[in-house]
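Here are a few notes to go with the structure, written for someone new to reading one. Have a look at it first, then work through the points.

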Amino acid sequence: MNNYLEVGTEGKKPLPVGISDYVRAQSEYYYVDKTILIKEFLDQKPLVSLFTRPRRFGKTLNMDMLRVFFEISDEDTSVYFEDKAIWKCGDAYRAHQGKYPIIFLSLKDVKFDSWASMLDKIRGLLQAEFGRHLELRESEKLADYEKEYFSKILAGKGDEVELASSLENLSAMLARHYGKAPIIMIDEYDTPIQEGYSKDFYEEITAFMRNFFSGAFKDNKNLSYGFLTGILRIAHESIFSGLNNLTVNTVMDEEYDSYFGFTPSEVREMLEYYNVADKEDELKNWYDGYLFGNAEIYNPWSVINYISKGCSPQAYWVNTGKNEILADVLKIATREITETLYSLLRGEQVVAWIDQSVAYRMIPEDPSNIYSLLLVAGYLKTLKKELQADGTYLCEVSIPNREVAAVYKREVLSHLLRIGAIKRNTANKIAESFYTNDYKKLQKSLEEYMDKSISFYDAGAEGFYHGLVLGLIALMDDYYKIQSNRESGDGRYDISLMPREKGCPGIIMELKWKKGLSEDELSSLSEEALIQIEDKNYDSQMRADGVECILKFGIAFSGKKVKIAEGK
């Protein structure tokens, strides 16, 4: 039986999965009106604006909306806004519609393995953009040398120096031809820089981009406004060196906080439109949880896919691109960072310094920079934040939702597999042992795991083993809500697994550790741990929550050895 929602029937518009063309999105699909972004911009009138948000949060669609609104066109493009919120704001805003020449470049697909290929792609993008302004070839207001330059770029024959000055030159030609300075728009500006870093031509791409952007935005008298979007701010690369007219809007800022992603009211309205309002709690659990400025935000890509695919909760967003950030940090993670990642996986809050100017190349210098990257890239949310004198923030952060938790689990497991700390069949056996309540299989699997992992980590105390076990069971988050060191009964248990679905048993673990124990002593220690669960009534909270079947594991460690005592 097909469980997918029959969108597009009974007068319902289809959802715009993968649609970033504003004209098409607002006319043929269900469109969440973000046009008040235009009003806020015109009220503030920053000369150059940079919007940084995670991937798939509507940056490209918003940029195309701005292009269609402002761009001079032979077509009457006002028809695409007459039923939108911006049109109701009055003549002062309508007066800007269709009045500016536009230079628009999207760098989202500039991803290549060499600098030569990267430059060829940029050359092709500029060739296409010059091709959108063929009126300049015949313009009587341009000098012959300008037309020659225009024709050279149009033919795809510009060299690196000529390409670096192309935005500056094109803006001057458009300003002279139209008698009005253009708006320059660059979507996903940081993609080539990230690629250059990962593919070892970082110096070449940053040097080019520095000249490219400087000509476009720094002291350019032929510029009405500039818009850029990206994921990272990249101030440390000095791409915007000396650009003192740049206004940066990040996930931490209140300005424009509700225009990238969906607000709760927008999601509720969408669910009602498709007659699935009863799915709001599930949708919130999976795709809500972001805080941009002061606005609660849902992941728009995931919300659209969830509804269009029959309200099936899956990790839609995390599967749309690579997760290099987590993979990179796990390669160089200190023990402290590994433990923090496990804490995040358990749903806990951690304190972190957030520097929004951080860049990928800063990870090896200081692995703690990972938290800043994770936040701006959409893998963390801020719960509290305090601005510091140096412009950084001291924040409480956590994983936003179940979808993002899925990528943490996947990357942590991939890391353990990659370094040889665990084998795939060992991970499967550990999961199976919980599902089948087979504590003997669990003990054997943990022994296999310990035999490998002790070779990679330094066992030093109970907290070490605690972290290893949590790292494994966190991979089972789809089935259990995992908690650690929480009060219940007359004390604080080590680890509990609260079943998400009825019928699954609850699980409580108490961990003990001592050096140099014999097999008999290790067995006694595991029994001691099990008795502690009983004596201190650690199962009281779980029983109060309606869980009838509760498994109790006393787990004792000594070096690579492990022993489990099991009770109910």
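The points below go from the whole chain down to one sheet and the helix across it.

1. Before anything else, keep in mind that this is a predicted model. The protein chain has plenty to sort through: 22 helices and 17 strands.

2. How much of the chain is buried? Of the 568 residues in the protein chain, 55% are buried. As for what faces outward, the chain exposes about 24,500 Å², and 46% of that comes from carbon and sulfur atoms.

3. Now think about who touches whom. Take the contacts with a separation of 6 or more: 71% of them are between residues 24 or more positions apart.

4. Next, pick out the open sheet of 5 strands, which runs in the order E11-E14-E15-E16-E17 with mixed pairing. Why do E11 and E17 have a side without a neighbour in the sheet? Strand E11 (480–484) and strand E17 (561–567) stand at the edges, and each has a single partner strand, so one side of each stays free of a sheet neighbour. Going from one strand to the next, the twist averages 20°.

5. Zoom in on one pair. In general, strands of a sheet pair through backbone hydrogen bonds, either parallel or antiparallel. Strand E16 (residues 550–558) pairs with E17 in the antiparallel sense, over 7 bridges. To find your place there, look for Ala-556, which stands opposite Lys-563 in E17.

6. Finally, which helix lies across E15, E16 and E17? That's H21 (residues 519–535), and strand E15 covers 506–513. Helix H21 runs at about 145° to E16.

Technical notes
Residues numbered from 1 in each chain as written. Predicted model: local features only at pLDDT ≥ 70, side-chain atom pairs only at ≥ 80, totals over all residues. Heavy atoms only, no water. Helix = DSSP H or I, 4+ residues; strand = E, 2+ residues; numbered from the N terminus. Buried < 20%, exposed > 50% of the residue type's maximum accessible area, 1.4 Å probe, protein only. Contact = heavy atoms within 4.5 Å. Areas by Shrake-Rupley, 256 points an atom, 1.4 Å probe, with all protein chains shown as cover. Pairing = 2+ DSSP bridges. Axes fitted to C-alpha atoms, helices over the stretch in contact; angles between N-to-C directions.
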